[in-house]
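Got the model open in your viewer? Here's a short walk through it, one selection at a time.

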Amino acid sequence: MGAQGPGARDSDGNGAGNTYENVTCPFCGILCDDLEISSSRSGLKVKKNGCGKAIAGFERDVSGAKPQIGGKDVSLAEAVTAAAGLLGKARLPILGGLGTDVDGMRAVMALAEKSGAVIDHALSDAQYRNFRVLQSGGWVMTTLTEARNRADLFIIIGTDVHKMHPHFFKRVVNVETSMFWDNPPKRTVVFLGEGLDTSGVTGSRIGEVISLPAKNERLGEIVTAMRAMSKGVAITGDTIGGLPRAAIEDLVERCKKATYGVMVWAPPALSFPNADLTIQAVSEYVKEINLHARFAGLALGGNEGAVSTAAVAAWQSGFPLRVSFASGKPDYDIERYSMLRMIAAKESDLLVWIASFTPDLAPPDTDIPMVVLGTPGLRLASKPEVFIPIGTPGADHAGIMVRVDNVVSLPLQNLGRSSLPGLGSVLAQIESAL
Ligand code: SF4
């Protein structure tokens with residue numbers, strides 16, 4: 001019989017499986033919390049409200065994985081002892097990847113402090129595009145719930161939201177009801193960027209869908225021109241950032257007339273040199289347009305536990321990742337403690353890679369010795385010194401994650417998919433063996 005959780009009911013009456021309701025999905029930063037999933041001896045089955053990513057994540061077979069040393073099966077205790085031995089000898093270890101939830105990250109912080117390690121998330125290059133703007137100029141942001149209930153204009157900035165978060169439009173934009181209107185106004189959705197999939201925007205709530213196919217590298221130029229236009233500065237030329245000037249003027253007018261506009265982007269999608277300047281331009285425009293209308297930003301992304309790990313690092317150390325504990329106290333430097341930079345410069349002599357959600361969060365190809373605590377099937381270019389299979393929070397054990405808008409922490413149910421240990425318990429064993 002599968003493990004009973006708060007949302008579980010016996011699905012067949014004979015103890016062979018459970019059906020779990022109101023399941024929170026940990027496979028992207030949106031954390032949809034309305035899935036229905038059944039469990040049986042053959043595994044989990046997503047019954048309702050799961051996108052393709054959720055189905056791939058929950059229904060994956062994780063059985064049969066064993067701890068290994070040098071590619072050979074060993075017991076968990078042996079693998080823990082070997083991992084602790086490597087960590088104890090390392091001069092400057094990195095605890096990286098960090099695909100985990102709040103509980104797992106708390107264990108990472110404890111181990112980092114004890115072993116004098118550097119912590120960094122696999123996706124923090126993208127997150128830092130946002131953090132730099134937040135730290136230097138601040139911003140005006142909204143939440144998924146605010147956007148869902150209040151917005152009448154969405155501007156999607158260079159981000160293929162439908163691919164990254166397949167249920168964002170369904171849960172936030174296409175919604176027919178609102179907490180604040182009996183007959184909520186129609187919504188306009190503008191896709192500012194090249195090759196963006198508009199197919200997720202459908203239904204009676206949607207008025208216009210507008211595509212403005214600008215190259216991502218020119219989005220900063222366009223939004224900066226929009227800000228200048230809002231201030232009354234005359235912009236000359238027939239085109240702005242490769243788009244007709246009239247289209248940009250029209251967009252500025254729509255922003256001014258909006259009751260509540262939201263500019264949406266995901267930092268991983270803005271992957272070009274100095275993309276943080278584009279995010280800064282968007283943030284400054286949002287501040288400017290607030291002089292005329294209510295407007296806010298909404299940053300998406302946060303997959304593979306990136307939001308949760310940055311939140312826990314900030315709660316406990318005061319800094320959002322890229323922290324070294326080598327001196328015995330938290331030392332923060334966004335350049336110096338970038339995991340990828342340190343690995344390329346061979347400044348670390350041990351990489352402890354953590355990836356508990358998807359097999360895609362592969363460690364970088366490096367000859368630095370590696371201890372991997374990963375979900376079974378994790379793509380590895382070479383055999384690590386030690387591999388310990390761990391469970392996925394929200395499928396194999398319970399947990400907590402912070403949603404992408406940073407305002408809600410959601411509980412994850414134990415769906416009893418496997419008996420794989422959680423990261424927190426494995427790291428606690430390694431810490432006590434150090
Ligand atoms: S959109 Fe994200 S959170 Fe929602 S079901 Fe899909 S992967 Fe899960």
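## Around the ligand

The shell around the ligand splits into eight nonpolar residues, one polar and one charged. Keep in mind as you click around that this is a predicted model.

To see that shell, select Cys25, Phe27, Cys28, Leu31, Cys32, Cys51, Lys53, Ala54, Pro166 and His167, which surround the ligand. Lys53 is the charged member, and His167 is the polar one. Now turn on a cavity display: where does the ligand sit? You'll find the ligand in the largest cavity.

## Over to the largest pocket

Next, switch from cavities to pockets. The largest pocket holds about 760 Å³ of space. Its lining is made up of 38 residues. To centre your view, pick Gln127, Gly301, Gly302, Val307 and Val404, the lining residues nearest the middle of the pocket.

Now colour the lining by class: you should get 23 nonpolar, ten polar and five charged residues.

Which elements supply at least two residues each to this lining? Select helix 1 (52-58), helix 4 (124-136), strand 15 (294-299) and helix 11 (306-317). Helix 4 is the top contributor, giving six residues to the lining.

## Along the sheet

Hide the surfaces and go to cartoon. Look for an open sheet of nine strands, and trace them in the order 6-5-20-19-18-7-8-16-17. The pairing along the way is mixed. At the edges you have strand 6 (72-73) and strand 17 (331-332), each with pairing on one side only.

Stop partway, at strand 7 (residues 93-99) and strand 18 (residues 350-355): these two run parallel and share five bridges. For a single pair to zoom in on, select Leu95 and its bridge partner in strand 18, Val352.

## Two loops with positive phi

From strand 18, step back into the loop that links it to helix 12 (339-344), and select Lys346 there. Check its backbone: phi is near 55°, a positive value in a residue that isn't glycine. Is the Lys346 side of this loop buried or exposed? Lys346 is exposed, at a relative accessible area of 52%.

Last stop: the loop between strand 21 (399-402) and strand 22 (409-412), where you should select Asn406. Asn406 isn't a glycine either, yet has a positive phi of about 65°. Asn406 is exposed too, because its relative accessible area of 52% is over the 50% cut-off.

How values were computed
Residues numbered from 1 in each chain as written. Predicted model: local features only at pLDDT ≥ 70, side-chain atom pairs only at ≥ 80, totals over all residues. Heavy atoms only, no water. Near = heavy atom within 4 Å. 1 Å grid on protein atoms, 1.4 Å probe; cavity = no way out; pocket = protein on both sides within 12 Å on 5 of 7 lines; lining within 4 Å. Sits in = over half its atoms within 2 Å of the grid points. Points joined across faces, edges and corners; volume = space filled by probe spheres on them. Helix = DSSP H or I, 4+ residues; strand = E, 2+ residues; numbered from the N terminus. Pairing = 2+ DSSP bridges. Buried < 20%, exposed > 50% of the residue type's maximum accessible area, 1.4 Å probe, protein only.
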